[in-house]
Amino acid sequence: MLRDAGARFRIAAARRMLYRHGLDSQIGGHVSLRVPGDRPKVSVRKVDESRNISAWSPGPSGKRAVVSARGDLWTAPAENGTPRPLTNTSGVFERNPAWSPDGKSIAFFDDSTGEYELYVMPADGKGAKRQLTNDRGPFKTDITWSPDSKRVCYSDKTGALYLVNLEDRARSLVDRDPEARTLRPSFSHDGAWITYARGDADRPTNAIWLHEVATGNRTQVTAGMFGDSSPTFDRKGDYLVFASARRFDPHYSALDTTWVYDDPEHLYL
């Protein structure tokens, strides 16, 4: 029971909440309390963000890079200059930023809706973020920009690879790995083709595939017998460069009396 010069109040605890009831006015209400913790882990303190960088992406000029640290995005200089915060969102985690080739935009994942979705925002921080997906689907990862900065690819934990158009937010499925392995795409110089390595349900090794953006057609271009990986287009778009474990130069082991096949993976054109 508490008393003061103006009125008498009764404060009762019910379900871990405090209420106030005026005995004269018969008017009550909830009492909001804030009890600061005395534990070091929850107390206000300064943190060195540079020790908590979880992902980064260089800008097209090479002078700055975008980084994610402790759930926020920053751009930082390669040499001279100061870091610039792009987001300051308590309770929201932004991650996996990717700087567009034209230098104007940064794509990233954001869990402000309760699930990670794909967003894009101006690279100079002078503008609001724009949501590109809203499927509340599986965990998303690995953002790759098209050379013209008009589309982005991303993967999810089911092995799916999606292509998203920034202008109308249209999304299309490029392909899906049957073993749910992450597909890592590479665009041709004109953005018309996407190449990636993908497995097959009938074999454990990867083959190289091509996806035509305009039609959505997929074409397998290697047999997949030797474990092909990491395909990328040359700058003119005439060739594919990829790694493949197809060199067999056996040596007889003196320790376990069997053949050893070392260094089988090389680059091919």
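Me: Let me start from the rule that two strands pair if DSSP finds at least two bridges between them. With that in hand, how many bridges join β7 to β8 here?

Reply: Keep in mind that this is a predicted model. β7 and strand β8 (residues 84–85) are joined by two bridges and run antiparallel; pairing asks for at least two, so this pair qualifies. Tryptophan 74 is the residue standing opposite proline 85 in β8.

Me: And which residue takes a positive phi in the hairpin of β7 and β8?

Reply: Look at glycine 81, whose phi is positive, near 130 degrees. This hairpin has six residues between its strands.

Me: What does β7 do with β6, then: run parallel or antiparallel?

Reply: Antiparallel: six bridges join strand β6 (residues 64–69) to strand β7 (residues 72–77). To find the register, pick one bridge, say alanine 65, whose partner in β7 is alanine 76. The two strands form a hairpin with two residues between them, and in the turn arginine 70 has a positive phi of about 50 degrees.

Me: Next, sheets. In what order do the strands of the open sheet with β21 come?

Reply: Just read across the pairings: the order is β21-β22-β25, three strands in all, with antiparallel pairing. β21 and β25 (265–268) are the edge strands, as each pairs on one side only. On average, neighbouring strands of this sheet are turned by 15 degrees against each other, direction ignored.

Me: How many bridges join β22 to β25?

Reply: Four, between β25 and strand β22 (residues 240–245). One place to check the register is alanine 243, which has leucine 267 of β25 as its bridge partner.

Me: Now pockets. How do you see where empty space is left?

Reply: You roll a probe the size of a water molecule over the atoms, and that shows the empty space. Here the largest pocket holds about 220 Å³ of space. Its lining has 13 residues, and those nearest the centre are Arg70, Asp72, Asn88, Thr89 and Ser90. You've met Arg70 already, in the turn between β6 and β7.

Me: What classes of residue make up the lining of the largest pocket?

Reply: Six are polar, four nonpolar and three charged.

Me: And the second largest pocket: which strand gives the largest share of its lining?

Reply: Strand β21 (residues 228–233), with three residues. The lining includes Ser229, Ser230 and Pro231, along with Asp177, Arg181 and Arg184. By class, four lining residues are polar, three nonpolar and three charged. The space in this pocket comes to about 160 Å³. So β21 turns up twice, because beyond the pocket lining this strand is also an edge of the open sheet, pairing on one side only.

How values were computed: Residues numbered from 1 in each chain as written. Predicted model: local features only at pLDDT ≥ 70, side-chain atom pairs only at ≥ 80, totals over all residues. Heavy atoms only, no water. 1 Å grid on protein atoms, 1.4 Å probe; cavity = no way out; pocket = protein on both sides within 12 Å on 5 of 7 lines; lining within 4 Å. Points joined across faces, edges and corners; volume = space filled by probe spheres on them. Nonpolar A, V, L, I, M, F, W, Y, C, P; charged D, E, K, R; others polar. Axes fitted to C-alpha atoms, helices over the stretch in contact; angles between N-to-C directions.
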